[in-house]
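I opened a new notebook page for this structure. My plan is to look up the overall build, then the surface, then the interior.

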Amino acid sequence: MIYLKTDEEIELLRESNLLVGKTLAELAKHIKPGVTTKQLDKIAYDFIKSHNAVPGFLGYNGFPGSICTSVNEQVVHGIPGEYILKDGDIISIDCGVYKNEFHGDSAYTFCVGEVKPEIMDLLKTTRESLYLGIEKAVEGNRTGDIGYTIQSYCESKGYSVVREMVGHGVGKSLHEEPEVPNYGRRGSGVKLKAGMVIAVEPMINLGERRIVMERDGWTVRTKDHKPSAHFEHTIAITEGSADILSSFEFIQEVLGDRAF
């Protein structure tokens with residue numbers, strides 16, 4: 001069942017999602033060579049708790065971290081641990097917050113030091129595809145319009161789209177209906193209605209689209225070990241253009257000229 005949110009509920013969702021954006025920005029201050037993903041997880045946990053909220057991912061279906069830390073060829077759901085970030089890495093951080101009975105959910109792929117130009121182009125294209133997809137997230141369109149736009153843009157640049165992992169509804173539960181694939185046909189899928197709140201999250205690979213699950217039962221990586229990028233916003237469907245409830249602006253304030 002798809003739950004339509006009231007204006008008041010959307011504002012509570014905005015509060016949770018803005019806190020996710022602020023948490024990602026706090027992490028941006030510490031992402032550099034020599035830092036472990038476990039250290040980043042602790043920073044996120046402390047920051048979220050200090051804002052009278054709880055990490056939405058911690059304990060979700062048994063997940064052991066407050067954030068997902070997916071490095072290089074890892075697509076999503078990387079478990080924070082002893083991995084030490086090194087110059088040239090990329091790290092996709094997916095973060096969730098639970099506050100006032102509503103979830104926030106957003107993801108951003110960060111550069112660690114100096115990243116190869118071909119990988120930087122992958123990140124830029126993935127982020128651009130997110131906003132192009134969001135442009136199609138208007139009342140009366142369908143989820144296939146979002147997916148088609150993301151897929152066609154990324155594939156036109158020579159990248160591949162992960163099929164098995166998709167966006168989703170967000171509300172009092174972290175994952176609600178409908179699913180929001182990053183591929184599809186125009187005019188297909190679930191019809192978008194005002195009051196729907198969904199997470200749009202393209203996961204785009206430098207190489208082929210095939211993925212595999214690592215032995216930990218959580219981490220998903222590319223089969224060919226080539227890098228993958230992931231950007232995510234939670235948005236509310238309105239009668240006009242989509243209302244983006246999460247934000248990358250706090251990250252950009254931290255990164256300055258290093259943002260893209």
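Before the surface entry I fix one term: accessible areas come from the Shrake-Rupley method with a 1.4 Å probe. The model I am reading is predicted.

Surface. I looked up the exposed area of the protein chain and found about 11,300 Å². Carbon and sulfur atoms supply 48% of that area.

Charges. I noted 29 positive and 38 negative side chains in the protein chain. The centres of the two sets lie 4 Å apart.

Overall build. I listed 5 helices and 15 strands for the protein chain. Its C-alpha atoms fill a box of roughly 45 × 45 × 40 Å along the principal axes. I then checked the radius of gyration, which is 17 Å. A compact globule of 260 residues would have a value near 18 Å, so the two agree.

Contacts. I took the contacts in the protein chain with a separation of 6 or more. Residues 24 or more positions apart account for 71% of them.

Interior. I read that 54% of the 260 residues count as buried. Which residues touch the most other members of the largest nonpolar core? I wrote down Leu24, Leu40, Ile91, Ile93, Phe110 and Ile251, out of 51 residues in that core. Helix H1, residues 7-28, gives the most to this core, with 6 residues.

Phe110. I followed this residue further, leaving out residues up to four places away in sequence. Its contacts include Leu24, Ile91, Ile93 and Ile251. Phe110 also touches Asp89 and Leu255.

Second core. I found a separate core of 8 residues. Among them are Leu13, Val170, Val197 and Ala199.

How values were computed. Residues numbered from 1 in each chain as written. Predicted model: local features only at pLDDT ≥ 70, side-chain atom pairs only at ≥ 80, totals over all residues. Heavy atoms only, no water. Helix = DSSP H or I, 4+ residues; strand = E, 2+ residues; numbered from the N terminus. Rg over C-alpha atoms; globule rule 2.2 N^0.38 Å. Buried < 20%, exposed > 50% of the residue type's maximum accessible area, 1.4 Å probe, protein only. Contact = heavy atoms within 4.5 Å. Lys, Arg positive; Asp, Glu negative; His and termini not counted. Charge placed at Lys NZ, Arg CZ, Asp CG, Glu CD. Core = buried A, V, L, I, M, F, W, Y, C linked by side-chain atoms within 4.5 Å.
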